[in-house]
Amino acid sequence: MQLEDIKEIAVLGTGTMGHDIALLCALAGYQVRLFGRSEDSLNRGFREIRSGLELLAKGGLVEASRTEGVMTNIKGFTTLAEAVTGVDFVIEAIVEDLAVKQGVFREVDALVPPHTILASTTSGLDPTKLAALTRRPERVVVTHFWNPPHLLPLVEIVRGEKTADATVALARGLVARLGKKPIEVKRAVPGFVGNRLQFALLREALYIVEQGWATAEDVDAAVKYSFGRRLAVTGPLESADLGGLDVFYNIQSYLNQDLCHERGPSRLLKEKVERGDLGTKTGRGFYDWQDEQVLAIKKAREEDLIQRMKEDNF
C-alpha cells in the first residue's frame, strides 16, 4: 500500500485524544469513521471536534468557511464492525490498558482488509505486546500524538519487534500529511523519547523543591524564563552544540554526580497525592487553583501554541 492509497481512517475512541485526532484527519481531507461506545460519547466527541475547529478558526489556522465541510468528513459509529470494515488505517485512542487494547486490536484485525495499518496512540505501551494477538504484527505501530493533538505538532512513531519498515514509512507519511512532526523511536523503550525527557526534568524539579533549595514558583520561573524559551527553537543537543560541547562536558563532569538519582516516585509528589492534592482537578497541587485561574492559564497556553503553529515550517 502507498500513502496515496489511504482514503478512509478509523479513529477508535472519542476521549481526550480521539476527537482531536479525528479532527486532524478530517482537516487533511480524509474520510473519518469515529468509534464511540455510545451515542452520548459520540455526541461529546463531535462537540469537542467542533470546539477545536472553532478555536483553530479563531486563531487563523483554518478558514471559518471550511468548518462544515470538515465536519461532514467525520461519521460516528457505535460498533467496531461499522467503524473499521474496509478502512485503510486505524488509529486506536481508547483507555490506556494493555489488555483492553489487545482485545480491541484482535477484534479489529479480523474485520479490516489485509493491507490495513493498526496504530495506537499509547504514551508508553509496547507495540510488540499490542500486536501479540493480531495476525499482522508487521502492520502494527504506535503513533503517539501529544496532548492536545490539534495544537502540539509532535507524533512519536514507535516500531515493535516485527513492525515492517514500510509500515513505519506509511505512518510517518500520514502524520506529515496531517500537518504534524513525526519522529521515529527505533526501539520501544519505556516512555519513548518525549516522556523520558519530560520526566527527567520533572524529577530534578521535584528534588530541588524537596531539598528546600527553591520554591515551586521559582523552579517554574527558572524554566520559563531561561532555557525553556530556547527549547522551542533549539533542542537540548542543538543547544549543547551552540554552547560548546567542551563546556557541557566540563559541567557534566561535576554536576551529574549531584543530580537526583532516585529510582522511585518523588516523596513530595507521593505526599501530595496521598493528601488528595492532585492539581487543578482538585483545586490544589503545588499551587492553589481557582476556576478562573485554570481557564486563564489554559487560554494563554492555547494562544501561545497557536502562534507557534503559525510559525512552524516542516
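**Exercise 1. How many disulfides does the structure hold?**

Solution. This is a predicted model, in which local features need pLDDT of at least 70, side-chain atom pairs count only at pLDDT 80 or more, and totals for chains, interfaces and linings use all residues. Residues are numbered from 1 along each chain as its sequence is written, and side-chain values use heavy atoms, with hydrogens and water left out. A disulfide is defined here as a pair of cysteine sulfur atoms within 2.5 Å, and the structure holds zero of them. As for two cysteines, Cys25 has a relative accessible area of 0% and is buried, where buried means under 20% relative accessible area, exposed over 50% and partly exposed in between, with a 1.4 Å probe and protein chains only. Cys260, at 6%, is buried as well.

**Exercise 2. Describe how helices α1 and α2 pack against each other.**

Solution. Begin with the elements, which are DSSP runs numbered from the N terminus (helices H or I, at least four residues; strands E, at least two). The axes of α1 (residues 18-27) and α2 (residues 39-58) come within 9 Å and cross at roughly 55°; axes are lines fitted to C-alpha atoms, for helices over the stretch in contact, and angles run from 0 to 180 degrees between N-to-C directions. Next, classify the angle: under 35 degrees counts as roughly parallel, over 145 as roughly antiparallel, 65 to 115 as roughly perpendicular and the rest as oblique, and α1 and α2 are therefore oblique to each other. Finally, list the contacts (heavy atoms within 4.5 Å): His19, Ala22, Leu23 and Leu27 in α1 meet Gly45, Glu48, Ile49, Gly52, Leu53 and Leu56 in α2.

**Exercise 3. Apply the procedure to α11 and α12.**

Solution. The axes of α11 (residues 236-243) and α12 (residues 245-255) cross at roughly 110° and come within 6 Å, so the two helices are roughly perpendicular to each other. On the α11 side, Ser239, Ala240, Asp241 and Gly243 meet Leu245, Val247 and Phe248 of α12.

**Exercise 4. Examine three loop residues, Thr116, Pro148 and Phe192.**

Solution. Thr116, in the loop between α5 (98-109) and β5 (117-120), counts as buried at 0% relative accessibility. Leaving aside residues up to four places away in sequence, Thr116 touches Val87, Asp88, Phe89, Val90, Arg136 and Arg139. Pro148 lies in the loop between β6 (140-145) and β7 (154-159), and a cis peptide bond, with omega about 0°, joins Asn147 to Pro148. Phe192, in the loop between β8 (181-185) and α8 (194-210), has a phi near 55°, a positive value in a residue other than glycine, and is buried, with a relative accessible area of 1%.
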